[in-house]
Amino acid sequence: MPLWFDLMMTGGAGGGAGGGTTFIIVGDSGKLATSTDGINWILQTSSFGTTNINDVNSKDGIAFACGDAGKARYSSNYTSWSSITTGTGVLNLQKTAVGTTNILIVGDSAAQSWATTPNGVWTFVNTFDNTQDEVFAAATNGTEVGLVRDTTLEPFLYYSDFTNSFSFVSIIPAKPVSVAYGNGIYVATIKKSSSSEIWTSTSLEGTFTRRVNDGTKYDIQNASFCGGVFLVWFTRSGGSKLYISADGITWAVGTAPTSANVKGNFAFGNGLYVGAFGNGTLYTSPNYTTWTARTSGFSSSSINGITFA
């Protein structure tokens, strides 16, 4: 399943790890929008057509987006997007992870490995994996990457060092839903029959420890790390909850931007947290406590991913 890119970064436009200038959101029907302040958004031509865009990520000013029908794109100005040829047999590409020198794009069908030279030409390397699982989340510390993959039985967490096939992480409970990395720690959310939990570890190959045991089962969960804090989004038909932590160990319940039962992703840039949601809504906050609704331009189309590039 993983689609592998060996990326030789050569500078960039000053985003991602280099500081960032622009928020990017992507969603269903090929929608993509940008904003320099998180408040005013401009719809852009994504070159995905009407194909759903499932995720976006960035490094050193270069943004990467992936979507259905094996489509993947990259851009350094976020207005014109160049194609990455993903080969035959690649169906829906779902998540991206940015390593120290590598980009990983994963999907639900066979995928190939590709490499780029400094002039931006992508070339085929080899086939990396061929399992047909849905990918819920991806996170990396730069040298290892973790994926939450929905197998034929139930979701499990897997890890890789960016060069080998993915291995099963057996020390975390079954049914993880999301994973994030920041401040030297991995945060994974777990969905059980009657509760939702947050577990942490300093390594994907280490021991995970339960930090939060919420007595409510939340159907939709997502962990984000941005602006120096973890934001864990729990939601169900009866309401939503936002957990906040700087170290992944001590957690507090914050103010949820919305009560809508939809997926939520968060990014931080220019002193502002931005929450992007599956019903097309956007919210901003200077402190992840008081949230203000913004207009995304997506109408009710799902926002599937956000990054600050």
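These exercises work through one predicted model, each with a stepwise solution. Residues are numbered from 1 along each chain as its sequence is written, and side-chain values use heavy atoms, with hydrogens and water left out. Because the model is predicted, local features need pLDDT of at least 70 and side-chain atom pairs count only at pLDDT 80 or more, while totals for chains, interfaces and linings use all residues.

**Exercise 1. The whole chain**

Find how many helices and strands the chain has, and what percentage of its residues is buried.

Solution.
- Step 1. Count the elements: 0 helices and 29 strands. Helices (H or I, at least four residues) and strands (E, at least two) are DSSP runs, numbered from the N terminus.
- Step 2. Check burial: buried residues make up 56% of the 309 residues. Buried means under 20% relative accessible area, exposed over 50%, partly exposed in between (1.4 Å probe, protein chains only).
- Step 3. Look at contacts (heavy atoms within 4.5 Å). Of those with a separation of 6 or more, 47% join residues 24 or more positions apart.
- Step 4. Take the surface: the chain exposes about 11700 Å², and carbon and sulfur atoms supply 47% of it. Accessible areas come from the Shrake-Rupley method with a 1.4 Å probe; for residues, only the protein chains shown count as cover.

**Exercise 2. Ser-46**

Is Ser-46 buried or exposed, and which atoms does its side chain reach?

Solution.
- Step 1. Place the residue: Ser-46 sits in the loop between β4 (42-44) and β5 (53-59).
- Step 2. Read the accessibility: Ser-46 is at 3%, so it counts as buried.
- Step 3. List the residues in contact, leaving aside neighbours within four places in sequence: Gly-30, Leu-32, Ile-53, Arg-73 and Trp-81.
- Step 4. Pick out the polar atoms. A polar atom of the Ser-46 side chain lies 2.8 Å from the backbone oxygen of Gly-30. The Ser-46 side chain also reaches the backbone nitrogen of Phe-48 at 3.1 Å.

**Exercise 3. Strand β29**

Explain why strand β29 is described as largely enclosed, and find its pairing with β2.

Solution.
- Step 1. Count burial in β29 (residues 303-308): 6 of the 6 residues are buried, so the strand is largely enclosed by the rest of the structure.
- Step 2. Find the pairing: β2 (residues 23-27) and β29 run antiparallel over 5 bridges. Two strands pair if DSSP finds at least two bridges between them.
- Step 3. Fix the register: Val-26 stands opposite Gly-305 in β29.

**Exercise 4. An open sheet**

Which strands stand at the edges of the sheet, and where does Tyr-181 lie?

Solution.
- Step 1. Write the order: 4 strands form an open sheet, β17-β18-β19-β20, with antiparallel pairing.
- Step 2. Name the edges: β17 and β20 (209-214) each have a single partner strand, so one side of each has no neighbour in the sheet.
- Step 3. Set the register at one end: β19 (residues 196-201) pairs with β20 over 5 bridges. Thr-200 stands opposite Thr-209 in β20.
- Step 4. Locate Tyr-181: it is in β17 (residues 176-182). Tyr-181 counts as partly exposed, at 24% relative accessibility.
- Step 5. Trace its contacts: beyond four places in sequence, Tyr-181 touches several residues, among them Ala-139, Tyr-186 and Phe-230. The C-alpha atoms of Tyr-181 and Phe-230 are separated by 8.4 Å, though the residues are 49 apart along the chain.

Note on methods: A polar contact is a pair of N or O atoms within 3.5 Å; within protein, one must be able to donate a hydrogen and the other to accept it, and residues adjacent in sequence count only if both atoms are side-chain atoms.
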